[in-house]
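Grab a coffee and work through these exercises with the structure open beside you. Try each task before reading its solution.

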Amino acid sequence: MVSVTRSVFGELPSGEGTVEKFRLQSDLLRVDIISWGCTITALEVKDRQGRASDVVLGFAELEGYLQQQPYFGAVVGRVANRIAKGTFMLDGKEVKLAINNGPNSLHGGIRGFDKVLWTPQVLSNGVQFSRVSPDGEEGYPGELKVWVTYTLDGGELVVNYRAQASQTTPVNLTNHSYFNLAGQGSPNIYDHEVTIEADAFLPVDEALIPTGEVAPVQGTAFDLRKPVELGKHLQEFHVSGFDHNFCLKRSREKHFCARVHHAGSGRVLEVYTTQPGVQFYTGNFLDGTLKGKGGAVYPKHSGFCLETQSWPDAVNQPHFPPVLLRPGEEYDHTTWFKFSVA
C-alpha cells in the first residue's frame, strides 16, 4: 500500500504561486517531492537495523531551492547535461541556446525545468507533474508538453518522463538527486561501493564536453563493472572524482544500470533505466558553503548522482544515440531506483 499526502511547502516570491509537497509512503520508503522543479526533497530508507535516514541532499525550506544551488533533487531539461557552446544545427539552421556554464549550455539553460512551477495531479500510488515549455524557452525550438510521474512500489521509486513536441527539438530529461546512503549530512561517500554496468565511457575536454571518442573502460579508472570502494578507487587511480557519461546498453527495454552499496548501514541502491547512458557524478563542485537539512553542510564528495540520460552534447555528435524529438512522436523513458538492505 502507498499513501500520498499533499501539503503546502512554501510561497514563491512576488505572488508567482504556491509550491506544494507530496509525500509518498510505502512500508519501505518515504519520499517527499515538491512541485518546484519536480524536486525530490527527502527520501527516507531504513538501514539493516530498521532505522530510517534521509539519503538525499537538499533543503528543509523553499528558500534553499530558490538560491543558487547545484540542482539538488530536481528534474533538469529541456536537455540535461552540456551542449557545447550552447549551439547546434537543426535542419540546416543554427539554434542558439542560453549559455550558463562557462561557454556551454547546461541542464536546459538559465531557467531550466528545475526552476519552474509544475502542475501536479495526485495518483493512487504517486504524483504526476506536467507543464508546457513554450516555443523559444531558453532558445529551444517548438512548444514541448512534458509529464513527469513519480510512483512508489514497495522499495522502488519509479520515475517516468514523457514529452510531445510541436517542432523538432532535442529532449533529454533526468533527475539530479544527490545521494549519500550513510544519510545526508555524512561527510563523504568514500565508503560507498559502486558498480556501473558499462563497457565504455565518454572522455571529456577541459570544458567537460565529450571529445567524441567512445572509450573502452577496460584497464582504466572507469572500469566499474565489478564493485569498487569509491575512496580507495579514486586514490588508486589518482582521479579527483567522476563527472562522466557511462555508456549503457542501447536498448529501449529496462536494463540494469548501477548498484551502490553502503556496508556500514547495509543500504543498497540499484538503478535500472530505459536510457542509453548515465552520468556518474561524485559531487566534485560541492564546497561546503550550502547549509542543508538539519544544519548539514555539503563538502566535496558528500553525495553522488546517477543521472540516467541520453549522451551529453548528442546534438553535435552524429554517432551518439539520437536525441531529437519530432512532431507526432513521443519521448518516453523510465528510471527505477530500487532500495534494499544487504
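**Exercise 1.** Sort the lining of the largest pocket by class: how many residues are nonpolar, polar and charged?

*Solution.* This is a predicted model, so keep that in mind as you go.
- Step 1: go through the lining by class, and you get 14 nonpolar, 13 polar and 6 charged residues.
- Step 2: look at the space itself, which has a volume of about 680 Å³. Of the 33 residues lining this pocket, Gln69, Pro70, Tyr71, Leu106 and Tyr178 are the closest to its centre.

**Exercise 2.** Find out where UniProt places the feature "active site", and work out how those residues sit in space.

*Solution.*
- Step 1: check the record. The unreviewed UniProt entry puts "active site" at His176 and Glu307.
- Step 2: compare sequence with space. These residues are spread over 132 residues of sequence, yet they cluster, with a largest C-alpha distance of 6.0 Å.
- Step 3: go back to the largest pocket. Its lining includes both His176 and Glu307.
- Step 4: look for a link between the side chains. Glu307 and His176 are joined by a polar contact of 3.4 Å.

**Exercise 3.** Take His176 and Glu307 one at a time: is each buried or exposed, and in which element does Glu307 lie?

*Solution.*
- Step 1: start with His176, which sits in the loop between β16 (174-175) and β17 (192-196). His176 counts as buried because its relative accessibility is 4%, and the cut-off for buried is under 20%.
- Step 2: list the company His176 keeps. Leaving out neighbours within four places in sequence, its contacts include Pro70, Tyr71, Phe72, His107 and Tyr281.
- Step 3: move to Glu307, which belongs to strand β25 (residues 305-309). With 2% relative accessibility, Glu307 counts as buried too.
- Step 4: do the contact list again. Not counting residues up to four places away in sequence, Glu307 touches, among others, His107, Thr174, Asn175 and Tyr281.

**Exercise 4.** Now for the second largest pocket: which strand gives the most to its lining?

*Solution.*
- Step 1: get the basics. The second largest pocket has a volume of about 370 Å³, and 20 residues line it.
- Step 2: find its middle. Arg252, Ser310, Pro322, Val323 and His333 lie nearest the centre.
- Step 3: assign elements. β26 (324-325) and β27 (331-341) each supply at least two lining residues, and β27 gives the most, with 3 residues.
- Step 4: finish with the classes, which come to 8 nonpolar, 5 polar and 7 charged residues.

Methods:
Residues numbered from 1 in each chain as written. Predicted model: local features only at pLDDT ≥ 70, side-chain atom pairs only at ≥ 80, totals over all residues. Heavy atoms only, no water. UniProt positions renumbered as here; feature names shortened; annotations may be inferred. 1 Å grid on protein atoms, 1.4 Å probe; cavity = no way out; pocket = protein on both sides within 12 Å on 5 of 7 lines; lining within 4 Å. Helix = DSSP H or I, 4+ residues; strand = E, 2+ residues; numbered from the N terminus. Buried < 20%, exposed > 50% of the residue type's maximum accessible area, 1.4 Å probe, protein only. Contact = heavy atoms within 4.5 Å. Polar contact = N/O pair within 3.5 Å; in protein donor to acceptor, adjacent residues only side chain to side chain. Points joined across faces, edges and corners; volume = space filled by probe spheres on them. Nonpolar A, V, L, I, M, F, W, Y, C, P; charged D, E, K, R; others polar.
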